[in-house]
Amino acid sequence: MDNTGMKRGIVIKDDWPGYSLDLFTYPEHYHEDIESVYIPHGVIMNRIERLARYIMDDFGDSNIMVLCVLKGGYKFCADLVEFIKVLGRNSNKYLETRVEFIRLKSYLNDQSTEELHIIGSQDLSFLRGKIQPMLLPWRRSSVLIVEAIVDTGKTMKALLKHVETFEPKMVKVAGLLVKRVPNMAESLTDYVGFEIPNRFVVGYALDYNEYFRDLEHICVISKTGKMKYKV
């Protein structure tokens, strides 16, 4: 069965207001700073488990080098890798995973900027693989880039270009959220959790100037929250 459409994500419509805060628990100090629960934590986790199944099917017997884009992607990455491991233990196909981290920054307050800041970038030459004993060919890595949110794709295009210089065996991108914006980068993302309108959301490690990462749910930030934590 062709799962391409299902991999594109759950589409959240433009007029979706989210759930009332009264239906969920969240840190009380954010009471005035968020408008609604946009995607509950349980829904997020179930969708990530489904993405893990797609990834296992696509990568076959290849070991996976996971590149986690910090900081917003760390929860998504940790949960995705854990689901891959659990699914592997419960089947006859176990994918060995190694996780490395790269940090990119392209937002100031709630606006995506033209300038891409690469912070703490590492030497990714290990993606080329290692020469095997007895002059066997290079063992190149199969790479899974894990990013929390993709909008115009400027950040992802820059990262993909950098990764591809190391000639990995295969490169796939998993994005928890893809925003519907002009020139949206849907085609860059192979596995999508949710396609959402162009709203600034926080929680589940997504931040607004380093705040709100501790929210379990993905929430819509309020005007009060933006003003309170603006830099």
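## Exercises on a predicted model

In this predicted model, E100 and R98 form a salt bridge, and their closest N and O atoms are 2.9 Å apart.

**Exercise 1.** Decide for E100 whether the residue is buried or exposed, and then place R98 on the scale of buried, partly exposed and exposed.

*Solution.* Begin with the cut-offs, by which a residue is buried under 20% relative accessible area and exposed over 50%, with partly exposed in between. E100 has a relative accessible area of 15%, so E100 is buried. R98 has a relative accessible area of 40%, and therefore R98 is partly exposed.

**Exercise 2.** Find the strand in which T97 lies, work out whether T97 is buried or exposed, and list which residues T97 contacts when its neighbours within four places in sequence are left aside.

*Solution.* T97 belongs to strand β4, which covers residues 97-108. Its relative accessibility is 18%, and because buried means under 20%, T97 counts as buried. With neighbours within four places in sequence set aside, T97 is in contact with I64, V81, I84 and K85.

**Exercise 3.** Describe how strand β3 is covered, and state with which strand β3 is joined by bridges.

*Solution.* Strand β3 spans residues 64-70, and six of its seven residues are buried, which leaves the strand mostly covered. Five bridges join β3 to strand β8, residues 142-150, and the two strands run parallel. Within this pairing, L67 stands opposite I145 in β8.

**Exercise 4.** Explain why the salt bridge between R199 and E35 ties together parts that are far apart in sequence, giving the number of residues between them.

*Solution.* First take the distance: the closest N and O atoms of R199 and E35 are 3.6 Å apart. R199 lies in the loop between β10 and β11, whereas E35 lies in strand β2, so the pair ties together parts that are 164 residues apart in sequence. As for accessibility, R199 is partly exposed at 24%, and E35 is partly exposed at 43%.

**Exercise 5.** Do the same for K71 and E210, and name the network of salt bridges in which K71 is linked.

*Solution.* The closest N and O atoms of the salt bridge between K71 and E210 are 3.2 Å apart. K71 lies in the loop between β3 and α3, and E210 in the loop between β11 and β12, so parts 139 residues apart in sequence are tied together. K71 counts as partly exposed at 31% relative accessibility, and E210 counts as partly exposed at 37%. The network links K71, D207, E210 and R213.

Notes: Residues numbered from 1 in each chain as written. Predicted model: local features only at pLDDT ≥ 70, side-chain atom pairs only at ≥ 80, totals over all residues. Heavy atoms only, no water. Helix = DSSP H or I, 4+ residues; strand = E, 2+ residues; numbered from the N terminus. Buried < 20%, exposed > 50% of the residue type's maximum accessible area, 1.4 Å probe, protein only. Contact = heavy atoms within 4.5 Å. Pairing = 2+ DSSP bridges. Salt bridge = Lys/Arg side-chain N within 4 Å of Asp/Glu carboxyl O.
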